[in-house]
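Reader: I have a new model open. Can you show me how to read it?

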Amino acid sequence: MIKLDNIQVVFGKGTPLEKRALNSVSLIIEEGTFVTVIGSNGAGKSTVLGVLAGDVIPTAGQVTVGNTEVTRKGTAARAGLVARVFQDPLAGSCGALSIEENLALAAKRGENRGLTPALGTKRREHFRERIAELNLGLENRMKDRMDLLSGGQRQAVSLVMATLAGSEVLLLDEHTAALDPGMAEFIMNLTQKIVSERKLTALMVTHSMRQALDFGDRTIMLHAGEVVLDVSGDSRKTLQVEDLIAMFRRIRGQTLDDDALLIG
Amino acid sequence: MSQIAFWGAVELGLVYAFVALGVFLAFRVLDFPDLTVDGSFPLGAAVTAVLIIAGVNPWLASGVAMVAGAAAGIVTAILNVRFRILNLLASILTMIALFSVNLRVMGKPNVALINADTMLSPFYGLGLRDFYVRPLFVAFLVAVAAVAVWRFLESDAGLAMRATGANARMARAQGVDTSRQIYLGMAMSNALVALGGALFAQTNGFADVTSGVGTIVVGLAAVIIGETLLGSRGILIALAGCVLGSILYRIAIQLALSTDMLGLQASDLNLVTAALVTLALVLPRLRRGGAA
């Protein structure tokens with residue numbers, strides 16, 4: 001279970017540039033729920049993800065991941081609870097390391113790292129099997145440097161990396177935004193498959209309303225640092241992209257000039 | 001070039017191979033441009049020389065030198081990680097400070113080790129001429145160090161350090177405490193460099209406070225020559241490249257200085273060094289430019 005309790009985040013507090021990014025956000029996500037998060041730029045989506053990941057320490061409030069209170073824990077200290085896939089395919093893996101080395105690194109997420117060889121025969125075989133499941137032919141390129149892969153291939157490997165070690169929550173930060181439509185679809189289907197097969201609790205930030213409604217069990221809309229919409233179950237099933245856009249307009253009290261981007 | 005001069009160059013190259021391994025850890029693995037080595041190399045020499053003269057076992061003295069080098073590396077890491085000083089500047093501060101520290105350690109600018117027992121003493125007079133004994137002995141230690149570094153970098157812990165240098169944000173997301181990796185890596189790097197200094201003092205019979213000048217350039221030259229020759233195909237090859245690069249660099253210098261035709265003299269060493277390093281830096285780029 002994930003619990004955000006009255007989270008406030010203020011950047012540059014007490015300076016002329018003070019910015020209230022999150023204004024008392026409370027959220028409870030049951031185990032095994034796949035939540036999609038939408039909102040315009042600056043709404044606070046990334047900040048919510050950052051608060052869960054440990055990149056952002058909230059000004060007030062409490063964060064619980066699983067059964068652990070992690071409010072003040074840094075990214076590295078809570079990595080055992082949180083798995084992530086970044087928006088930038090280059091950010092989530094090490095280009096200078098090989099595919100299998102990246103996997104070895106991820107397999108020990110949140111654990112102590114000793115002097116055992118990172119790539120013993122058994123681990124190698126295990127990684128190979130997991131990569132073969134992608135059907136991208138990458139299992140024959142395990143020793144290739146990660147930066148030889150395309151963005152889509154890197155995101156696919158990143159998804160596998162995120163599931164090698166256990167976690168309480170999987171954070172997906174617009175992880176298909178940098179990909180071409182075909183690859184984005186492949187990665188989304190893979191995400192769906194991994195999340196449902198492994199019964200993961202997941203939080204996916206997206207700019208695509210279509211994605212937000214098509215995938216997951218629950219959709220949250222953020223605006224100006226607050227949760228303005230939270231739908232799940234039957235009411236979510238009948239919700240259309242057009243409804244979301246209408247809601248967006250009403251909330252912002254203005255005509256959106258970037259409809260095309262939002263419908264995507 | 002005489003045989004003695006040749007083996008002398010090989011020996012010096014092997015001593016500086018420790019510097020190359022240290023520089024590889026800092027520059028290539030951690031992506032930390034570390035000039036501390038200009039201070040930690042003579043620090044290793046100074047600590048070893050002073051301890052050996054005081055009657056301490058030379059192996060123990062060299063071990064203490066490594067600890068001193070590690071401490072110097074940690075100081076640089078603290079300046080960078082805790083106090084957020086730019087990495088290059090942090091290492092320059094430590095380097096400058098170490099000049100005074102080294103003078104304090106020795107009490108004078110130069111300490112001679114002429115008749116003292118060194119790590120090499122038991123191996124002289126076993127039938128092999130001295131100018132073979134020295135490079136053989138140092139080569140053995142270099143091999144041990146290189147294998148140790150290799151095993152480490154291919155372990156789980158070493159992978160964490162490599163990730164820290166390659167993509168710190170990703171490393172943290174994988175639960176790697178990147179600050180700790182910088183402390184650890186800088187300590188290891190400068191311990192190796194100090195061991196190089198310790199062996200320099202014992203093979204050359206003296207420790208000198210100015211012997212550190214340009215250490216970083218020599219170490220970097222070795223790393224780059226190695227990369228140019230062997231390419232970057234895995235850790236073991238890269239480490240072998242560091243050792244090979246260091247030896248070839250010394251032979252090249254020796255050749256340049258001993259060829260009368262060029263009219264060079266010993267005092268031209270730094271100029272020749274700078275020219276060789278520039279060449280080593282530019283050549284790969286030219287080659288890539290030609291291929292593209």
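Author: We take one strand, then the contact between chains, then chain B.

Author: This is a predicted model: local features need pLDDT of at least 70, side-chain atom pairs count only at pLDDT 80 or more, and totals for chains, interfaces and linings use all residues. Residues are numbered from 1 along each chain as its sequence is written, while chains are lettered from A and ligands numbered from 1 in the order in which they are written.

Reader: How many residues of strand β3 of chain A are buried?

Author: A residue is buried if 20 or more other C-beta atoms, placed from the backbone, lie within 10 Å of its own. Strands are DSSP runs of E, at least two residues; helices are runs of H or I, at least four; both are numbered from the N terminus. In β3(A), residues 34–38, 5 of 5 residues are buried. Phe34(A), Thr36(A) and Ile38(A) cover one side, Val35(A) and Val37(A) the other.

Reader: Which residue is the bridge partner of Val35(A) in β8(A)?

Author: Two strands pair if DSSP finds at least two bridges between them. β3(A) runs parallel to β8(A), residues 202–205, with 4 bridges. There, Val35(A) partners Leu203(A). β3(A) also pairs with β9(A), residues 218–223, in the parallel sense over 4 bridges. In β9(A), Val37(A) has Ile220(A) as its bridge partner.

Reader: How many residues does the contact take from each chain?

Author: Residues are in contact if their C-beta atoms, placed from the backbone, lie within 7 Å. Chain A gives 25 residues and chain B gives 19. Helix α2(A), residues 99–107, supplies the largest share of chain A's side, 4 residues.

Reader: How many helices and strands are in chain B?

Author: Chain B has 11 helices and 2 strands. Buried residues make up 52% of its 292 residues.

Notes
A residue is buried if 20 or more other C-beta atoms lie within 10 Å of its own, exposed if 12 or fewer, and partly exposed in between; C-beta atoms are placed from the backbone. Two residues are in contact if their C-beta atoms, placed from the backbone, lie within 7 Å.
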